[in-house]
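Please find below a colleague's note, set out as numbered points for consideration alongside the sequence and the coordinates.

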Amino acid sequence: MPALRRTAASIALAWLAGCSDDATQPAGLAPAPAAARPVDAARLRDAEADAANWLMTGRTWSEQRYSPLRQVDEASVGGLGLAWSYDLATPLGVEATPIVADGEMYVSGPWSAVTALDAKTGARRWSWDPGLSARHRARAICCGAVNRGVALYEGRVYVGTLDGRLVALDAKTGAVVWDVLTVDPDEPYTITGAPRVVGGRVVIGNGGAEFGVRGYVSAYDARDGRMLWRTFSVPGNPALGFESPALEAAAKTWTGEWWKLGGGGTVWDSMAYDPELDLLYVGTGNGSPHARWLRSPEGGDNLYLASILALRPETGELVWYFQTTPGDSWDYTATQSIVLADLEIGGRARRVLMQAPKNGFFYVLDRESGEFLSARPYVPVTWASGVDAKGRPIETPEADYRGAGRMISPGVFGGHNWHPMSFHPGTGLVYLPTQRMPAFYKLDPSFAPERGAMNTGLDYSTFVHGSADPGAAVAITGALVAWDPVAQREVWRVEQPTAWNGGTLATAGNLVFQGTATGRFVAYRASDGERLWEAPAGTGVMAGPVSYEVEGVQYVAVAAGWGSGFANSAGPAATAAGVRGAGRVLAYALGGKASPPPTPPPLGPVPEPPVRSEAGAAEVERGGLLYARLCLGCHGPFAIGGGSLPDLRYSSAETHARFVDIVVGGARADLGMPGFGDLLSAEDARLIEAYVLEVGRPR
Ligand code: CA
């Protein structure tokens, strides 16, 4: 039996799982328009002035996540209380930004389910669930059965589902109006991002680059679901011809047979739109597999991975691009928040686009031309020493993780992930949820793609028992950072004890709201970061909050619920705060006195396993390798759960009795635990069980 050490450093390794301020505005605004007209093109265009509502995922096409409401301000915020809550009845991660229009709230949750609520009372209007087909997609999910939100347009609610569908629901009833498949169901695509509506087109991307897919974004006619265009982010097999001159040009930056694993570059989250320039901005993700040495062995920038693409929304044509991480080998997606603002830079008014992608640099670009304006590190960065005059990162020797592997900052979870940042036009600051999460990267030189598994090309063997301890304990922390995008410097910060804290909301009341991984919902003064108010959320908060007004009352609401990528795959770090998944929508208002929903109790001490394994050390080791490759991403390193999905150390005798049925036969597929009969034999499952029994013992 090898010593199964769980040092701080080995625990830290677990991240590898792949996986204008209007001062004259009075407090308490006019009521929402009576018998408001549907949210149509004109209302979307004028969303900025529509202070009472939160019509789009980032409130406006600029994605600033700034509310002009000021009833709740730095003086009154102390009187904020819970007005209502709604129990989403799930232990899984909740990442959605609610949409609020005219007193109605629409929020998505795990398994792509959608709920409509009375935004004043939290009473449920309707709910819709895509059904078992979404749950049966679990094998293709890198980072939790999550959904980051819906779009609302002309009386319909649009949602992308885990099984790759784009669905239009009647906003009044939840009835399906149309339902189209946007992916090849035989490929490991999933949808977790929120659709955006531009010019009557519903724009949606997808994910799957950890498994091996070719990324793209598509637009559908909002009326009938007819596909209008599809733009791939990376070139396909040249022998089949290229879909556009842009892809033909991109192919010159790839080598080898990249198309065999798809190439990656998925458009899985962020988008923004400038109606004056008529440009749609989307961010693209990492390559498939992660390491360029495997994906494009003779080098090359691998366009358009890890890039911001400016597209013509009518046709999907590429107008300009900016690649944040040429030749990405570190899972440095550029799918993080894209925020548009007008800033004065060097004495000149510039229409800019801002992004803090996973690679650790905060970028400011001219959003008309794509011209690089500036970039500075917003977290410690070891893979690059800076950027050159055109914004291209200058790689350090530390970036190369062939051979023995290397600890690199940021790690695969990034200096900033999908948790949305906000921009306050009054302070001129960006409120950025950052994290210090280096990761140990090690290339798997014998990598061979395996259908139905993660195909990152990274070596997971170090996650069996921490034997490749790189020697240094790594503290995983977070910080809310107020960033001046003109000066490219930090103005204030609030340190946080762990990573994966929530998205942010800026308001005209000189406030910034953010939930935390440790289960708090907090208001800070936007100008200096002083903490002014907080409330317990009863679960970790990851999503971005919103603010809206109903009948003269301003609400601040957030969809809370711990779970998803970091929680599932980080185990010990994710459970350190003791939080558990418990999805709920929380809405706060001045004088609110509602009782909070119950906080799930801690799991208690790890019990002695109900069964014994007769397996020897070598078998446990083999089980550990299988576990690290196929199970760790959801059930955590060393079988330590992250507070959301079942913690295997607590498995019952009945679960152990059915272990092979569940793992190989898919006996719990309807609950979201897929079967692995295509990759694992019954004997393999027994080895995995032996590993779980050994490593999961109380100690
Ligand atoms: Ca990724």
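The points below take up domains, a cavity and nonpolar cores in turn.

1. The model under discussion is predicted. The domain assignment of the chain gives domain 1 (1-96 + 117-169 + 418-438 + 474-602), domain 2 (195-402) and domain 3 (617-695). Taken over C-alpha atoms, the centres of domain 2 and domain 3 are separated by 36 Å.

2. The second largest cavity encloses about 170 Å³ of space. It is lined by 16 residues, and those closest to its centre are R65, R196, D269, W418 and P420. By class, this lining comprises six charged, five polar and five nonpolar residues.

3. Where does the second largest cavity lie with respect to domain 1 and domain 2? Both domains contribute residues to its lining, so the cavity lies between them.

4. The largest nonpolar core has 70 residues. Those with the most contacts inside this core are Y281, W320, W383, Y441, W562, F566 and Y627. Helix 12 (residues 682-695) gives the most to this core, supplying six residues. Apart from the largest core lies another, of 48 residues, which includes V157, V159, I204 and V282.

5. Which residues does Y627 touch, when those up to four places away in sequence are not counted? The contacts of Y627 are L632, H635, G636, F638, A639, L648, I688, Y691 and V692. Y627 is also listed among the residues with the most contacts inside the largest nonpolar core.

Terms used
Residues are numbered from 1 along each chain as its sequence is written. This is a predicted model: local features need pLDDT of at least 70, side-chain atom pairs count only at pLDDT 80 or more; totals for chains, interfaces and linings use all residues. Side-chain values use heavy atoms; hydrogens and water are left out. A nonpolar core is a set of buried Ala, Val, Leu, Ile, Met, Phe, Trp, Tyr and Cys residues joined through side-chain atoms within 4.5 Å. Buried means under 20% relative accessible area, exposed over 50%, partly exposed in between (1.4 Å probe, protein chains only). Helices (H or I, at least four residues) and strands (E, at least two) are DSSP runs, numbered from the N terminus. Contact means heavy atoms within 4.5 Å. On a 1 Å grid over the protein atoms alone, a cavity is a set of points where a 1.4 Å probe fits but cannot get out, and a pocket is an open set with protein on both sides within 12 Å along at least five of seven lines; lining residues have an atom within 4 Å of a point. Grid points are joined across faces, edges and corners, and a volume is the space filled by probe spheres set on the points. Ala, Val, Leu, Ile, Met, Phe, Trp, Tyr, Cys and Pro count as nonpolar, Asp, Glu, Lys and Arg as charged, and the others, Gly among them, as polar. Domain bounds come from an automatic or database domain assignment.
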